[in-house]
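Here are a few exercises to work through with the structure open in your viewer. Try each task before reading its solution.

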Amino acid sequence: MKNSKNKKIAINIENASKRYFLRSAKAKKKETFFALKDINIKIFKGEKVAILGDNGAGKTTLLKVMTGIAEPTCGKVNSIGKLVSLIDITAGFHPEFSGRENIYFNGILLGMNLSSIKKLEQEIINFSGIEKFIDQALYTYSSGMVLRLGFSIAIHSDPDILILDEEVVVGDQDFQKKAYDEIEKIFAEGKTIVVCSHVLPLLSRLCERFIWLDKGKVKMDGGKEVVIEYKKNRSKLDIEKIGKIKNEKKFFQFLQSLPIGERFIVEAVSGSMEPLILKGDEVRVERCSLKNIRVGNIIAYWSDEFKNIIVHRIYKKSSKGIFLTRGDSNYIVDEMPVTEDIFLGKVINF
Amino acid sequence: MKILYIRDNDLYFKEEDGKILVLKKNKKEIVELNEVGSLIWKALKTKKSIDALVKKINSAFEGADSKEVKKDVEEFILKCLKDSIIEKIN
């Protein structure tokens, strides 16, 4: 930050705010939430900047705004140079392409040219450690494998500005070490780097400037003194939170990630005539593929409208997908399509 | 003798946004662990003592008060035992 007049700007954020609307089914009104409030940050070429802050402080939103993944609601954000972000490294992948094809597809999206991708192809594959699977379709990969490939491509794309989020260093311990070594190499190369992490010892060693975000605002911006203040502030750790199943989409998505054949129980939240389910009834569900469902089967699926898991019988299959009636006596809707993204499983206790 | 703890490795769990979700044995409750709870869960893949967990948290969150962390870990372990997602090994 010293002698900033002589330095070239890499990222310039002026009066940027990011507003989200929180919708609540109960309140039936939308609440406004500012993830970022009136942010002014200039990041200079070659600077290594760490963003600090607790969960929900706006760190990831700030990085997303910097990279252009999210637009600020108001204010301006400009960046100069090739910017590569390791925020969502799986973005820009095609599930039906092979790993090798995705190196080209993703590499081009990251601004690499064909000849440099060709030159680096083997290096990218070797680094990712998934040589055996590189010609298999991406949808056959585990999420860890996709992340490793994404990390490998991004790190080889020679960015001017690198933006890293805290969850990017993935995989087993060997891969994590390789990834950290590679990040350290980039740090040594004099490129502009913005990182956001809770791994304070690593950051304080590698970064020279620290921006502390608190509730969407810049609380402190400066050198290592920011880390000292920040540490003092968060000496109390919140460990005890343990939550139970709620009618939240994240829990539905968790249940949807259960392997085929796994069984679980959901509780009926309202009565239904078809099939007859009473409020409080326990409904047993088995994970299966939507392809194995037939007309007459009772299934469980997520309803965005009711923010809940709904249980119903399939009554018709069309060329577009599977349809069912909503047998609720006081809420009659003709047909409700069920697709893989909302499908949960087959009900097995009826 | 030192008391050790280990997570129930038969339970299905998944990490979402740095937080771990665990499907309990009764298959009708999902336990959501916060960031630090998730760190403990990962560490409990193999048996660990409370002191080892405290050490692990202190190294990940430099500057945290060790006494407070120990108290928090003990409370957390008790809750996990009550929820039957971890086991005590004597």
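**Exercise 1. Place Val22(B) in its strand, then decide: buried or exposed?**

Keep in mind that this is a predicted model. Start with the address: Val22(B) belongs to strand β3 of chain B, which spans residues 19–23. Next, count neighbours: Val22(B) has 25 C-beta neighbours inside 10 Å. The cut-off for buried is 20 or more, so Val22(B) counts as buried.

Now look at who is around. Skip the neighbours within four places in sequence, and Val22(B) is in contact with Leu11(B), Phe13(B), Ile30(B), Val31(B) and Ile85(B). For a distance check, take Tyr12(B): its C-alpha atom is 6.0 Å from that of Val22(B), with the two residues 10 apart along the chain.

**Exercise 2. Describe how helices α1 and α2 of chain B cross.**

A reminder before you begin: two packed helices are described by the angle between their axes and the distance between the axes.

Step one is to find the helices: α1(B) covers residues 35–43 and α2(B) covers residues 50–60. Step two is the geometry: their axes come within 10 Å and cross at roughly 130°. Step three is the label. That angle falls outside the parallel, antiparallel and perpendicular ranges, so α1(B) and α2(B) are oblique to each other. As for handedness, α1(B) passes α2(B) in a right-handed crossing.

Finally, list the residues that meet. From α1(B) you get Val36(B), Leu39(B), Ile40(B) and Ala43(B). From α2(B) come Leu53(B), Lys56(B), Ile57(B) and Ala60(B).

**Exercise 3. Work out the strand order of the open 6-stranded sheet in chain A, and say which strands stand at the edges.**

Over to chain A, with its 8 helices and 17 strands. Walk across the sheet and you read β5-β6-β7-β3-β8-β9, with mixed pairing. The edges are β5 (83–86) and β9 of chain A; each has a single partner strand, so one side of each is left without a neighbour in the sheet. On average, neighbouring strands here are turned by 15° against each other, ignoring direction.

Strands of a sheet pair through backbone hydrogen bonds, either parallel or antiparallel. You can find both senses around β8(A). On one side, β3(A) (residues 48–52) and β8(A) (residues 209–214) pair in the parallel sense over 4 bridges, and Leu52(A) has Trp212(A) as its bridge partner. On the other, β8(A) runs antiparallel to β9(A) (residues 217–222), joined by 5 bridges; here Asp214(A) is partnered by Lys217(A).

One more piece: helix α1 of chain A (residues 59–67) lies across β3, β5, β6, β7 and β8 of chain A, and runs at about 150° to β7(A).

**Exercise 4. Which residue in the turn between β8(A) and β9(A) has a positive phi?**

β8(A) and β9(A) form a hairpin with 2 residues between them. Check phi in the turn and Lys215(A) stands out, with a value near 50° even though Lys215(A) is a residue other than glycine. Then count: Lys215(A) has 14 other C-beta atoms within 10 Å, which means partly exposed.

Asn15(A) makes a useful second case. This residue also isn't a glycine, and has a positive phi of about 45°. Asn15(A) lies in strand β1 of chain A (residues 9–24), and with 12 C-beta neighbours inside 10 Å Asn15(A) counts as exposed.

**Exercise 5. Which residues of helix α8 in chain A are buried, and how are they arranged around the axis?**

First run through residues 249–256, which make up α8(A): Phe251(A), Phe252(A), Phe254(A) and Leu255(A) are buried. Then look down the axis. These residues cover an arc of only 160°, which puts them on the same side of α8(A).

To set this against the chain as a whole, buried residues make up 34% of the 350 residues in chain A.

**Exercise 6. Is Asn78(A) buried or exposed?**

Find Asn78(A) in strand β4 of chain A, residues 74–79. Asn78(A) has 11 C-beta neighbours inside 10 Å, so Asn78(A) counts as exposed. Now jump along the sequence: Ala10(A) is 68 residues from Asn78(A), yet their C-alpha atoms are 8.1 Å apart.

Notes: Residues are numbered from 1 along each chain as its sequence is written. Chains are lettered from A and ligands numbered from 1 in the order in which they are written. This is a predicted model: local features need pLDDT of at least 70, side-chain atom pairs count only at pLDDT 80 or more; totals for chains, interfaces and linings use all residues. Two strands pair if DSSP finds at least two bridges between them. The arc is that of the directions from the helix axis to the C-beta atoms. Axes are lines fitted to C-alpha atoms, for helices over the stretch in contact, and angles run from 0 to 180 degrees between N-to-C directions. Angles under 35 degrees count as roughly parallel, over 145 as roughly antiparallel, 65 to 115 as roughly perpendicular and the rest as oblique. A crossing is left-handed if the near helix is turned anticlockwise from the far one by less than a right angle, and right-handed if clockwise. Two residues are in contact if their C-beta atoms, placed from the backbone, lie within 7 Å.
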